[in-house]
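Here is a briefing on a two-chain model. Start with the structure, then read the points by topic.

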Amino acid sequence: MSTVTSIHRYLDEAFAEVPVTPDSLDLKEELRSNLSARVAELVSGGADDATAATTAVRELGDIRDLLDGLAAEGHPAGVPHPSQRVRLRPIFVLLTVLFSLVLAKSVTWVVLGAFGIVPMWTAVAFAVAAALSVGVIVTLALRQETSQHYPMPTGRALAFGAASLAMTLGVSLAAALVTQQPFWAVVLGVPPTVLSILAFVWLGVTQTNRTKPWALELQRQYVADDPFTQNPAVAARFGIYTVVIWTVAIAVFIVLTMTVGWLWSWLALVGGFAVFFITLARMMLIARQSRV
Amino acid sequence: MPESLEREPLSSDLLRGHTDTIVLGVLLKVDRYGFEIYKTIRDATGGDYEIKEATLYATFRRLVKDGLVEAYWGDETQGGRRKYYRITDAGRAIYRRNLADWTATQRIINSLLNLKGA
């Protein structure tokens with residue numbers, strides 16, 4: 001048992017600093033299986049378990065370069081590793097199937113109602129049932145986390161569900177009432193439809209990825225690229241330089257105006273301007289170069 | 001590169017340059033898993049030269065990335081699962097080319113090293 005433990009411990013320690021990605025897990029398992037194979041070979045050759053484990057690890061050699069390479073590769077996008085696969089909740093599957101059946105039956109009866117085959121109130125009742133089913137199915141689907149998608153916040157999922165419900169209600173009500181008397185009853189389908197369109201527009205324009213974990217992670221990792229943001233001391237120094245440059249320039253301008261006159265004194269301001277921008281360029285660009 | 005105090009013998013440097021081709025050669029006839037490849041190479045040299053296993057893993061990853069070999073997990077029923085490597089057609093082509101290159105180089109170097117005064 002101790003050989004197994006020591007190989008596992010070695011691997012756990014070696015991979016402690018490596019980000020867990022499908023790729024790194026794969027390499028870890030590969031190393032594990034090959035180390036076990038070598039240990040088995042050594043043990044069958046007469047070595048005791050502890051010695052065999054130590055020898056196998058020593059023969060493996062220095063895997064730091066390999067791991068550094070892995071760490072640098074980071075997260076490859078693509079197919080999720082089995083360990084990242086999200087299983088659907090049974091209750092989600094069950095309810096979705098159930099309400100799909102209800103929806104199928106309701107739509108059939110609404111269509112029958114549209115052709116005047118079933119009584120009006122039956123058709124209206126099934127129109128409501130169809131709308132409710134669509135609302136529940138949409139809400140559940142948006143709340144369900146999948147391998148590719150985060151679950152939507154409950155409130156927003158409910159809002160999408162309600163909007164879908166209203167849309168279905170409007171359309172199926174209109175369908176159920178289209179051949180009934182009085183014929184203008186069809187307009188009862190209009191308000192829910194209009195409401196749902198407004199709701200979808202509002203939901204669409206307020207949709208955001210801002211609160212998703214990967215967006216928050218990106219935000220956290222964002223590093224401003226200019227030296228002033230990265231190094232407040234540089235920014236403060238530049239502020240002081242600016243004050244000094246313009247104070248001197250204006251002082252020289254005033255002195256020149258009083259001694260030499262307007263004809264030449266403006267050159268002091270041009271000089272101040274030039275010095276100011278050269279300072280800015282040096283601090284902004286040379287600082288960046290030396291950092292790279 | 002950090003300066004290394006111990007000097008590697010030249011032959012080991014030479015061999016390292018051919019690790020890719022050696023691994024491709026080992027896989028020519030049959031798919032093998034990592035430790036099997038290591039063992040095959042170790043046994044073939046009779047212990048004269050030992051490729052570091054860590055180096056081999058870097059080689060596997062490079063070969064897979066370049067599409068010269070494919071990796072797949074075996075379905076052993078008992079014991080741990082093993083990751084096997086299979087050579088691709090591109091891998092065979094590269095192997096043949098490297099082999100031809102080496103044969104040519106070997107001939108030239110042999111004749112150059114045997115110039116016994118002109």
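Over which residues of chain B does pLDDT stay under 50? The stretch is residues 1–5, and the model has zero contacts beyond four places in sequence for these residues. This is a predicted model. Its scores are ipTM 0.76 and pTM 0.44.

**Confidence and make-up of chain B**

- Mean pLDDT for chain B is 82. Of the residues in chain B, 84% reach 70 or more.
- Chain B contains five helices and three strands. Their order from the N terminus is α-α-β-α-α-β-β-α.
- Chain B has 118 residues, and 19% of them are buried.
- Take the contacts in chain B between residues at least 6 apart in sequence: 49% of these link residues at least 24 apart.

**Make-up of chain A**

- Chain A has twelve helices and zero strands. Its pattern along the sequence is α-α-α-α-α-α-α-α-α-α-α-α.
- Chain A has 292 residues, of which 20% are buried.
- For chain A, 60% of the contacts between residues at least 6 apart in sequence join residues at least 24 apart.

**Where the chains meet**

- On the chain B side, twelve residues are in contact with 14 residues of chain A.
- Two elements of chain B each give two or more residues to this side: helix H3 (34–44) and helix H4 (53–65).
- H4(B) supplies the largest share, with four residues.
- By class, the chain B side that touches chain A has five nonpolar, five charged and two polar residues.

**The sheet of chain B**

- The three strands make an open sheet, in the order E1-E3-E2 (chain B), with antiparallel pairing.
- Strand E1 (32–33) and strand E2 (69–73) of chain B are at the edges. Each has a single partner strand, so one side of each has no neighbour in the sheet.
- E2(B) pairs with strand E3 (residues 83–87) of chain B over five bridges, in the antiparallel sense.
- Between E1(B) and E3(B) there are two bridges, and these strands also run antiparallel.
- B:Tyr84 in E3(B) stands opposite B:Tyr33. B:Tyr84 is also the bridge partner of B:Tyr72.
- B:Val69 faces B:Ile87 of E3(B) as its opposite residue.

**Helix H2 of chain B and its neighbours**

- How do helix H2 (residues 19–27) and H3 of chain B cross? Their axes come within 10 Å, at an angle of roughly 105°. H2(B) is therefore roughly perpendicular to H3(B).
- From H2(B), B:Ile22, B:Val23 and B:Val26 meet B:Ile37, B:Thr40 and B:Ile41 of H3(B).
- This contact has five nonpolar residues, one polar residue and no charged residues.
- Five residues of H2(B) are listed as buried: B:Asp20, B:Ile22, B:Val23, B:Leu24 and B:Leu27.
- The buried residues of H2(B) pack against three helices of chain B, namely H3, H4 and helix H5 (89–113). They also pack against strands E1, E2 and E3 of chain B.
- B:Ile22 and B:Val23 appear in both settings: they are buried, and they take part in the contact with H3(B).

**B:Gly67, in the loop before E2**

- B:Gly67 sits in the loop between H4 and E2 of chain B.
- Is B:Gly67 buried or exposed? B:Gly67 is exposed, because just 12 other C-beta atoms lie within 10 Å.
- Beyond neighbours within four places in sequence, B:Gly67 is in contact with B:Thr88 and B:Ala90.
- B:Gly67 and B:Ile87 are 20 residues apart in sequence, and their C-alpha atoms are 8.9 Å apart in space.

Technical notes. Residues are numbered from 1 along each chain as its sequence is written. Chains are lettered from A and ligands numbered from 1 in the order in which they are written. This is a predicted model: local features need pLDDT of at least 70, side-chain atom pairs count only at pLDDT 80 or more; totals for chains, interfaces and linings use all residues. Two residues are in contact if their C-beta atoms, placed from the backbone, lie within 7 Å. Ala, Val, Leu, Ile, Met, Phe, Trp, Tyr, Cys and Pro count as nonpolar, Asp, Glu, Lys and Arg as charged, and the others, Gly among them, as polar. Two strands pair if DSSP finds at least two bridges between them. Axes are lines fitted to C-alpha atoms, for helices over the stretch in contact, and angles run from 0 to 180 degrees between N-to-C directions. Angles under 35 degrees count as roughly parallel, over 145 as roughly antiparallel, 65 to 115 as roughly perpendicular and the rest as oblique. pLDDT is the predictor's confidence in each residue, from 0 to 100.
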